[in-house]
Amino acid sequence: MKAVHFGAGNIGRGFIGHMLSASEYEICFVARNKKQISQLQQRQEYPITLANPEQDTTIVSNVTAINITEHERVAEEIAAADIITTAVGVSALKDIANPIAEGIKLRLMQNKTAPLHIIACENAIAGSTRLKKKVYALLDEEIREQADTCISFPNAAVDRIVPVQNHSDPLQVTVEPFYEWVIHRPALLPGFHEIKGVHYVDSLEPYIERKMFTVNTGHCCAAYLGYLEGFKTIRQVMKDPSLRAKVRHVMEETGALLMEKHGFDSQKHDKYMNAILERFANPNLTDKVSRVGRSPLRKLSPNDRLVRPVMQASEAGIETPHLISAMAAVLMFRDERDPEAVKMQNMISEKGVSGFISDHMDIPANHIVHQKLLASYETLQASVRSEVLSN
Ligand SMILES: NC(=O)c1ccc[n+]([C@@H]2O[C@H](COP(=O)([O-])OP(=O)(O)OC[C@H]3O[C@@H](n4cnc5c(N)ncnc54)[C@H](O)[C@@H]3O)[C@@H](O)[C@H]2O)c1
Ligand SMILES: O=P(O)(O)OC[C@@H](O)[C@@H](O)[C@H](O)[C@H](O)CO
């Protein structure tokens with residue numbers, strides 16, 4: 001069985017590659033980093049270390065790589081593949097749509113009708129559907145109709161914390177022991193070769209919302225609240241009892257929404273939240289605030305981990321004071337090395353924070369969430385100003 005995976009980054013090597021290889025897939029990474037590509041080609045394996053006290057290490061084998069710029073080879077790999085996965089970041093899906101479309105054209109030209117599954121393993125609601133729209137926009141009607149008969153884009157949720165790596169070996173990756181990969185079963189075509197350890201479900205929305213609104217909402221709130229206190233790692237943030245309590249409160253607010261919307265059991269959800277807080281606090285893992293808080297424009301977009309739950313909670317009549325005050329912290333986030341953080345501050349300077357909340361976050365000025373967020377931002381700014389003056 002052949003897999004093509006776009007993006008040989010942290011989650012690509014540390015999770016998706018690991019899972020596919022353990023299910024007897026041969027994996028070809030389509031990547032950009034030349035050093036990683038040549039190492040993957042030469043060694044055809046790489047080590048994964050678990051962030052547990054024993055630092056258990058396993059070897060992922062049957063791997064190779066090609067460069068995204070080798071258009072013909074990428075198309076040939078796609079034409080021959082059984083599964084395509086991606087972990088490039090949701091904003092980069094537009095950049096890989098063309099190579100995937102070219103591969104699909106070649107595959108269909110070769111009359112290959114074996115099923116092909118294309119799964120976006122990104123932190124996004126309906127990531128594979130988004131990718132499909134971008135790919136299909138590049139195919140003509142006849143090819144789209146043919147593709148519909150043998151190519152499917154199942155949506156998925158992926159969960160494993162894999163920080164930025166700092167090893168002398170460019171392929172080595174340290175990952176947390178926990179993992180969860182959930183795939184929407186109804187979108188699987190007959191002949192799909194099962195990936196061991198994946199949870200296949202009939203309805204994905206409860207799983208992706210539970211993951212994004214608990215793990216990712218809590219994680220980024222830890223990062224932005226920690227940033228305001230000058231912390232550099234998530235572990236440091238979680239050691240601060242007041243910040244840890246704030247993150248817990250944010251999760252409780254999104255949890256109230258999830259329980260109301262999806263009928264989750266409150267005791268089980270409580271355990272789920274506790275386990276996540278422990279994952280954030282893992283003493284064997286160093287995860288930077290800058291990684292977890294990266295790309296604030298994406299994180300503040302209407303369908304992502306902050307605006308979506310806060311608006312849904314508001315509609316359901318659920319109060320979210322902690323989430324709103326953490327969102328005010330996002331608006332204060334500055335990181336010169338993060339282009340989205342720079343752009344966000346420029347947008348706020350140009351439009352004012354209320355203009356940013358209306359235009360970028362799509363929360364109209366007369367909405368109660370807009371007004372509360374604005375008030376929370378102004379209070380936070382005033383407290384930061386008075387702290388600066390008193391120092
Ligand atoms: N790291 C985690 O803890 C984690 C967990 C779950 C989901 N995710 C999601 O997985 C995705 C990747 O995250 P990551 O942490 O692995 O980031 P990363 O930056 O480590 O990896 C992304 C990789 O994609 C590559 N890439 C980007 N554009 C490309 C292109 N056009 N062609 C080929 N390669 C390209 C980059 O070079 C990089 O190697 C994101 O959507 C993220 O939200 C991450
Ligand atoms: O990857 P992002 O930027 O969407 O979010 C940063 C982290 O919260 C995220 O990567 C988590 O580590 C991951 O989603 C855990 O499964």
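**Helix α1 and the surroundings of two ligands in a predicted model**

Helix α1 bends by about 35 degrees at I16. The model in which this bend occurs is predicted. Helix α1 covers residues 10–22, and its 13 residues, at 1.5 Å a residue, should span 18 Å. The C-alpha atoms at the two ends of α1 are 17 Å apart, which agrees with that expectation. Of the 13 residues of α1, 11 are buried, so the helix is largely enclosed by the rest of the structure. The buried residues run through I11, G12, R13, G14, F15, I16, G17, H18, M19, L20 and S21; I16, where the bend is located, is therefore among the buried residues, given that a residue is buried if 20 or more other C-beta atoms lie within 10 Å of its own. Just after α1, E24 takes a positive phi of about 65 degrees.

Several residues of α1 also appear in a UniProt record. For "binding site", an unreviewed UniProt entry lists A3, V4, H5, F6, G7, A8, G9, N10, I11, G12, R13 and G14. One of these positions, A3, lies in strand β1, which covers residues 2–6. A3 has 27 other C-beta atoms within 10 Å and is therefore buried. A further annotation in the unreviewed UniProt entry, "domain: Mannitol dehydrogenase N-terminal", is given for residues 1–188. Over residues 1–188 the chain is 37% helix and 27% strand, with the end C-alpha atoms 16 Å apart.

Ligand 1 is surrounded by 25 residues, of which the closest are G7, G9, N10, E122 and N123. Two or more residues of this shell come from each of the elements α1, β2 (26–31) and α4 (93–109). Helix α1 supplies the largest share of the shell around ligand 1, three residues. By class, the shell around ligand 1 is made up of 14 nonpolar, seven polar and four charged residues. G7, G9 and N10, listed among the closest residues to ligand 1, are also included in the UniProt "binding site" listing.

The shell around ligand 2 consists of N123, D159, R160, I161, V215, N216, H219, C220, V292, R294 and S295. N123 is thus in the shell of ligand 2 and is also one of the closest residues to ligand 1. Helix α7, residues 205–228, gives the most to the shell around ligand 2, with four residues. The classes represented around ligand 2 are four nonpolar, four polar and three charged residues. Because domain 1 (2–201) and domain 2 (205–390) both give residues to this shell, ligand 2 lies between the two domains.

One residue of the ligand 2 shell, S295, has a positive phi of about 50 degrees although it is not a glycine. Most residues other than glycine have a negative phi. S295 is found in the loop between α11 (289–292) and α12 (296–299). With 21 C-beta neighbours inside 10 Å, S295 counts as buried. N111 likewise is not a glycine and has a positive phi, of about 60 degrees. The position of N111 is in the loop between α4 and β7 (116–120). N111 has 7 other C-beta atoms within 10 Å and is therefore exposed, whereas S295 is buried.

Helix α14, residues 321–331, is mostly covered, with 10 of its 11 residues buried. The buried residues of α14 are H322, L323, I324, S325, A326, M327, A328, A329, V330 and L331. In the loop between α13 (307–315) and α14 lies E319. E319 has 12 C-beta neighbours inside 10 Å and so counts as exposed. The C-alpha atoms of E319 and I68, which are 251 residues apart along the chain, are separated by 46 Å.

E278 lies in helix α10, residues 266–280. With 11 other C-beta atoms within 10 Å, E278 is exposed. E278 and M238 are 40 residues apart along the chain, and their C-alpha atoms are separated by 8.8 Å.

Terms used:
Residues are numbered from 1 along each chain as its sequence is written. Chains are lettered from A and ligands numbered from 1 in the order in which they are written. This is a predicted model: local features need pLDDT of at least 70, side-chain atom pairs count only at pLDDT 80 or more; totals for chains, interfaces and linings use all residues. A residue is near a molecule or strand if its C-beta atom, placed from the backbone, lies within 6 Å of it. Ala, Val, Leu, Ile, Met, Phe, Trp, Tyr, Cys and Pro count as nonpolar, Asp, Glu, Lys and Arg as charged, and the others, Gly among them, as polar. Domain bounds come from an automatic or database domain assignment. The expected span of a helix is 1.5 Å times one less than its number of residues. The bend at a residue is the angle between axes fitted to the seven residues ending there and the seven starting there. UniProt positions are given in the numbering used here, feature names are shortened, and annotations may be inferred rather than shown by experiment.
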